[in-house]
Amino acid sequence: MTGGTLSLVQISDLHILADDDRPQHGTRTAEILRQAIPLVNALRPDFAIASGDLVSDESEDSYRRLEELLASVEAPVHFLLGNHDNRVAFRRVFRPAEIPSSEPVCEAFERAGVRFLLLDSLLPGKEEGSLGPHQLRWLETELSAHPDRPTWVFLHHQPLPIYIRWLDQLGLQNREQFLSLLARHRQVRVVGYGHIHQARRWRYGDVLFAGVPALAFQFSTVSQEPRITLETPAFRRFEISGTQHRSWLHFLDGRVVQEPGPLATPIYVR
Ligand SMILES: [Fe+2]
Ligand SMILES: [Fe+2]
């Protein structure tokens, strides 16, 4: 943290497999992650958030390979799970001190006066996501306990539609419950997510909703049917100073694109 500015990197949809050489839609995801890590380290973020679909096949061996690959990330990494993840296998590798239960993986922490709430929208056996009653209660309790702290919420599945039919069918199924809960707590600044394998940003109320590209293959931003594109993978960097924030997309080919501020971001109209 420099001069009261917090720096965080969101990487998403890593889709790692135990076998580095097994291609997925023409990509080798371990190679992509290996290329991304020096870029992340050069930015010296205070921490990173890996927002789900950490692996592609729910297997413990894939999590072990992910752990090896992430060993060279210098910043602490916080995890959330997506539809290709498995809570038991994840816990066995990344939370060895915990009982390897299939309970949702949630985390709350605070840095420089900003609270971060990481939710688990995984619905076992499904591609779409949902926040169960325990998650919603946990979120309500966390937000009620710290009404004065600017708060950032992360989950895997998109809570607002992106107008890509097949992906919207696989988004957060109980988004109305989630959105109405958030609306009762004015301190929420940003909701970050993955799953859509493309960059999307909406302003809804006072909250910035932001989906991030994958560190793997991307999904078409125009096709209404599933279509993979080989656009350059990217991750997002945020800088946070109190209630203000800025963000950039960092593409693996070296392009860095600053994103418009919240006031220049399209408003989501219901
Ligand atoms: Fe994904
Ligand atoms: Fe996903």
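Two strands are taken to pair if DSSP finds at least two bridges between them, and helices (H or I, at least four residues) and strands (E, at least two) are DSSP runs numbered from the N terminus. This is a predicted model, in which local features need pLDDT of at least 70 and side-chain atom pairs count only at pLDDT 80 or more, whereas totals for chains, interfaces and linings use all residues. Residues are numbered from 1 along each chain as its sequence is written, while chains are lettered from A and ligands numbered from 1 in the order in which they are written.

**The chain as a whole, with six helices and 14 strands.** The C-alpha trace spans about 45 × 40 × 40 Å along its principal axes. The radius of gyration of the chain, taken over C-alpha atoms, is 17 Å, which agrees with the value near 18 Å of a compact globule of 270 residues under the rule of 2.2 Å times the number of residues to the power 0.38. Of the 270 residues, 40% count as buried, a class that requires 20 or more other C-beta atoms (placed from the backbone) within 10 Å of a residue's own, with exposed meaning 12 or fewer and partly exposed the range in between. Residues 24 or more positions apart account for 68% of the contacts with a separation of 6 or more, a contact being a pair of residues whose C-beta atoms, placed from the backbone, lie within 7 Å.

**The open sheet of six strands, and the helix that lies across part of it.** The strand order is E3-E2-E1-E12-E13-E14, and the pairing is mixed. Strand E3 (77–80) and strand E14 (256–258) form the edges, each pairing on one side only, and the twist from one strand to the next averages 25 degrees. Within this sheet, strand E1 (residues 6–11) and strand E2 (residues 47–51) run parallel and are joined by four bridges, with glutamine 10 opposite isoleucine 49 in E2. Helix H1 (residues 29–43) lies across E1, E2, E12 and strand E13 (244–251), running at about 170 degrees to E1, where axes are lines fitted to C-alpha atoms, for helices over the stretch in contact, and angles run from 0 to 180 degrees between N-to-C directions.

**The largest nonpolar core, with 60 residues.** Such a core is a set of buried Ala, Val, Leu, Ile, Met, Phe, Trp, Tyr and Cys residues joined through C-beta atoms within 7 Å. Here Leu14, Leu119, Phe154 and Leu215 touch the most other members, and H1 gives the most to this core, with five residues. Leaving aside neighbours within four places in sequence, phenylalanine 154 is in contact with Ile49, Ser51, Leu80, Leu118, Leu119, Gly192 and Tyr193.

**The buried side of helix H2 (residues 60–70).** Ser62, Tyr63, Arg65 and Leu66 are the buried residues of this helix. They lie on the same side of H2, because they cover an arc of only 160 degrees around the axis, the arc being that of the directions from the helix axis to the C-beta atoms. Among the elements that cover these residues are H1 and helix H3 (87–94).

**Residues with positive phi in loops and a hairpin.** Histidine 25, in the loop between E1 and H1, has a positive phi near 50 degrees and counts as partly exposed, with 13 C-beta neighbours inside 10 Å. Arginine 44, in the loop between H1 and E2, likewise has a positive phi near 50 degrees, but counts as exposed, with 12 C-beta neighbours inside 10 Å. Strand E4 (residues 107–111) and strand E5 (residues 114–118) run antiparallel and are joined by five bridges, with phenylalanine 109 opposite phenylalanine 116 in E5; alanine 112, in their hairpin with two residues between the strands, takes a positive phi near 55 degrees.

**Threonine 232 and valine 222 in their loops.** Threonine 232 lies between strand E11 (228–229) and strand E12 (234–241) and is partly exposed, with 14 other C-beta atoms within 10 Å. Apart from neighbours within four places in sequence, threonine 232 is in contact with Phe251, Leu252 and Asp253, and its C-alpha atom is separated by 7.0 Å from that of aspartate 253, 21 residues away along the chain. Valine 222 lies in the loop between strand E10 (218–219) and E11 and counts as exposed, with 8 C-beta neighbours inside 10 Å. The C-alpha atoms of valine 222 and tyrosine 163, 59 residues apart along the chain, are separated by 8.8 Å.

Conventions. Contact = placed C-beta atoms within 7 Å.
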